[in-house]
Amino acid sequence: MAARSPMRPAHWIVLALVLAPAWKVVERLGRSGPKAVSAKSVAEGRILFNHDWTVNDPLTKGDGLGPVFNATSCLACHNQGGAGGGGPVARNVTVYGLSGGSTSKVPPSGVVHQKAIRPEFQETLNLVHSSLPHEPSIPLSVLTDRSRTRSPDVVITQRNTPALFGDGLIDAVADETLLSHQREHSTAARLVGLNGARDSKVRGRIARLADGRIGRFGWKLEFATLNDFVKAACANELGLSNPGRPQAVPLGQLAYKSEGTDLTDEQCVMMTDFIRDLAAPTQVLPSDSKSRSQVEAGHTLFAKIGCADCHSEKLGPIAGIFSDMLLHDMGVELESSTGYYGSIIPQPTVRNDKFAVSEQPTPAEWRTAPLWGVADSAPYLHDGRAASLEDAIVLHGGEASDVAVRFKEMSGPDRDAVIAFLKTLRAPAQTEEPKTLAVR
Ligand code: HEC
Ligand code: HEC
């Protein structure tokens, strides 16, 4: 076999000339994501993210907003602590999942949209299953009341809006980093069996998608890249079709068709670049030494009682994320439908890691919520049922049940210290106000 020929100086010059124009495009590096994004793309993306979409919107090449939608802008939900933040329970998304026994004509899982451009398109839960009310949603307190009996054929749950700060870094996390976290858990689990020193139930696994990629986004890790999620959000939340995704059609009118595609790939990339460019959350330490040492003690306890087994402080090169980005079984209390946001994950066909048990997430499995920015993203958990940090921790079950018990059994001051520590994990300071729109 011929040896690889080394590059000669002439080759370097040619390469430099080819690359030169690219340097001009990249006006500055994204603050948070390692992927370079241009300031122009970020600025345009911000406008699209904040834009209030209308029917036949001038910024689209299709029918614009709808026919069904949950809100008229990304900002309407993602706004706590600035554009890109989390959202309140009032903005929760309603998700359904049908079991194999159902005879309903609608897809086996999806979103029930809260709004429509015309009354005849309005979705209601009874279109999903006849046992359900003629309403687009059920109050969260009713959904989470496990004493109520319900049809075994259908499950309705809600999803709370997460903050997007730092998502550019998550987008860039290498597969190998996620796989190594999974391996760490498997090793720890085996050690428990051998010496009994630890009583950890913590497992955790990657979410292998049907096409073999690893999930990074969504409460159930059903999307591999930020751009995939942005496209799904456009189609699903606002009814804006794009090259990756058809827009949501009314559950009652599945044959609905419209002319044109609303967004271009480029517009979706701009929105993705805007999110990529959002600064990651930071830790803001109190200035007085007494509070500071309480926070430090809380940080130590957080690791000591096992919170950091899942809420890993570092994920590859990302410091201070407090997540392993793996799925964990959180117990029956936190079970949801097998329904997914926007799409189902079919049974995966690729299994190329020996530690992976690559299956569809079970109802009780959730991505370890990254705790960076957690002080500014209430309410908590996948459906926002926990109003406070304490509530969120106490509701941890399944793999986290032993850790949750350790938290509950700590002294009052120790618990306060853990909470004080979590309250230092803040959303990034916002520098730019939402801009008004320039219609092109
Ligand atoms: C009606 C409220 C609502 C609107 C409008 C909305 N989102 Fe979201 N967003 C959510 C919810 C709820 C989730 C969590 C969904 C899940 O994981 O099941 C989410 C999740 C995301 C995520 C994944 C975050 C992560 O870390 O996993 C991204 C990215 C995102 N949204 C971007 C957008 C963009 C871009 C728009 C506008 C095109 C938008 N969203 C509009 C509610 C909303
Ligand atoms: C077995 C893994 C695991 C352990 C151990 C664990 N967590 Fe979690 N944590 C999760 C998962 C998964 C979620 C998301 C659950 C959901 O949304 O229903 C979560 C959610 C949270 C949330 C809510 C975050 C949000 O944005 O909604 C907080 C706060 C939290 N955990 C703190 C803690 C603390 C403090 C400890 C230690 C006492 C701890 N966790 C131990 C896996 C774990």
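A residue counts as buried when its relative accessible area is under 20%. The model on screen is predicted.

Start by selecting Phe 322, which has a relative accessible area of 3% and is therefore buried. Add Phe 421, buried as well, with a relative accessible area of 0%. Their ring centres lie 5.6 Å apart and the planes stand at 75°, so this pair is edge-to-face. Phe 322 sits in the loop between strand S8 (318–319) and strand S9 (327–329), whereas Phe 421 belongs to helix H13, so the contact ties together parts 99 residues apart in sequence. Now add Phe 302, which forms one aromatic cluster with Phe 322 and Phe 421.

In total the structure holds 6 aromatic pairs. For another of them, select Phe 49 and Phe 274: with centres 5.0 Å apart and planes at 50°, the pair is tilted. Phe 49 is in helix H2 (residues 39–50) and Phe 274 in helix H8 (residues 265–277), 225 residues apart. Phe 49 has 2% relative accessibility and so counts as buried; Phe 274, at 1%, does too.

Next, select helix H12 (residues 401–409). Its buried residues are Ser 401, Asp 402, Val 403, Ala 404 and Phe 407. Show the surroundings: helix H10 (307–310), helix H11 (389–394) and helix H13 (412–422) are among the elements that cover these buried residues.

Move to Trp 366. Lys 220 lies over the face of its ring, 3.8 Å from the ring centre.

Finish at ligand 1. Its iron atom has a single protein donor, NE2 of His 78, at 2.1 Å. His 78 is found in the loop between helix H3 (74–77) and strand S2 (93–98).

How values were computed:
Residues numbered from 1 in each chain as written. Chains lettered and ligands numbered in written order. Predicted model: local features only at pLDDT ≥ 70, side-chain atom pairs only at ≥ 80, totals over all residues. Heavy atoms only, no water. Donors = N, O, S within 2.8 Å, 3.2 Å for Na, K, Ca; no water. Helix = DSSP H or I, 4+ residues; strand = E, 2+ residues; numbered from the N terminus. Buried < 20%, exposed > 50% of the residue type's maximum accessible area, 1.4 Å probe, protein only. Contact = heavy atoms within 4.5 Å. Phe/Tyr/Trp six-rings, centres within 6.5 Å; stacked < 30°, edge-to-face > 60°. Lys NZ or Arg CZ within 6 Å of the ring centre and 35° of its normal.
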